[in-house]
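Could you walk me through this structure in my viewer, one selection after another? I would like to know what to pick next and what is there.

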Amino acid sequence: MKYILMMNCPKTGYDTFGAWPKKDLEAHIAFMMGLNKALRESGELVSAEGLASPQEAKVVRAGKDGAPITDGVFPESKEFLAGYWIVDVETTEQAHLIAARASAAPGPGGAPMNMPIEVRQVMSGPPELL
């Protein structure tokens, strides 16, 4: 079963993250790269990506003529998707264990961040109709 593990960041988190001491940033990035390497080696990692700053985000809709209409950035948003992993595991519990590992990434001073990681199953097709 495939699951997406989504790491959200509060709106202020992007500015705060950039102000961390260099050694803390390096430790955090090394942790994430190590987690990705371990998941790749175990065969559980399908994909993992960090996302650009929310200041670069746009919401796109099709206009009446089908042309894109963009809107954004939305400063009233409280949280933004910072990155994600897609994992392929046998059980939901395995996805939860991986999410807990990601949640414990080190923050300033090396303390675990314990950030929330949303876990949702990736559907292999549309739900069955009743």
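Here is a tour that begins with the whole chain and then moves to the sheet, the helices and a few residues.

**Whole chain.** Keep in mind that you are looking at a predicted model. Show the chain as a cartoon and you will find three helices and six strands. Followed along the sequence, they come in the pattern β-α-α-β-β-β-β-α-β. Along the principal axes, the C-alpha atoms fill a box of roughly 50 × 40 × 20 Å. Switch on the surface if you like: its accessible area is about 8800 Å², and carbon and sulfur atoms account for 59% of that. Of the 130 residues, 27% are buried. If you draw a contact map, look away from the diagonal: among contacts with a separation of 6 or more, 74% link residues 24 or more positions apart.

**The sheet.** Next, select S2, S5, S1 and S6. These four strands form an open sheet in the order S2-S5-S1-S6, and the pairing is antiparallel. Its edges are strand S2 (45–50) and strand S6 (117–121), each of which pairs on one side only. On average, neighbouring strands here are turned by 20 degrees against each other, direction ignored.

Now zoom in on S2 and strand S5 (residues 79–88), an antiparallel pair joined by five bridges. Pick glycine 50 and look across to S5, where glycine 83 stands opposite.

**Helices on the sheet.** Add H2, residues 22–42. H2 lies across strand S1 (2–10), S2 and S5, and runs at about 25 degrees to S5. Then add helix H3 (residues 92–103), which lies across S1, S5 and S6 at about 155 degrees to S6.

**Two neighbours in H2.** Is histidine 28 buried or exposed? Its relative accessibility is 8%, so histidine 28 counts as buried; the cut-off for that is under 20%. Show what surrounds this side chain: beyond neighbours within four places in sequence, histidine 28 is in contact with Phe17, Trp20, Ala105, Pro106, Met113 and Met115.

Move along to isoleucine 29, also in helix H2. Isoleucine 29 has 42% relative accessibility and therefore counts as partly exposed. Select it together with Phe17 and Met33, and you have a nonpolar surface patch of about 280 Å². Phe17 thus turns up both in this patch and among the contacts of histidine 28.

**Over to H3.** Select arginine 101, which is found in helix H3. Which residues does arginine 101 contact, leaving aside its neighbours within four places in sequence? They are Phe31, Leu35, Ala38 and Leu39. Arginine 101 counts as partly exposed because its relative accessibility is 38%. For a distance label, join its C-alpha to that of proline 112: the two are eleven residues apart in sequence and 9.9 Å apart in space.

**Last stop, H1.** Finish at threonine 16 in helix H1 (residues 13–18). Threonine 16 has a relative accessible area of 45%, so it is partly exposed. Draw one more C-alpha to C-alpha line, from threonine 16 to glutamate 128: they are 112 residues apart in sequence and 44 Å apart in space.

Note on methods: Residues numbered from 1 in each chain as written. Predicted model: local features only at pLDDT ≥ 70, side-chain atom pairs only at ≥ 80, totals over all residues. Heavy atoms only, no water. Helix = DSSP H or I, 4+ residues; strand = E, 2+ residues; numbered from the N terminus. Buried < 20%, exposed > 50% of the residue type's maximum accessible area, 1.4 Å probe, protein only. Contact = heavy atoms within 4.5 Å. Patch = residues over 30% accessible without salt bridge, like charges linked within 9 Å, V, L, I, M, F, W, Y side chains within 5 Å. Areas by Shrake-Rupley, 256 points an atom, 1.4 Å probe, with all protein chains shown as cover. Salt bridge = Lys/Arg side-chain N within 4 Å of Asp/Glu carboxyl O. Pairing = 2+ DSSP bridges. Axes fitted to C-alpha atoms, helices over the stretch in contact; angles between N-to-C directions.
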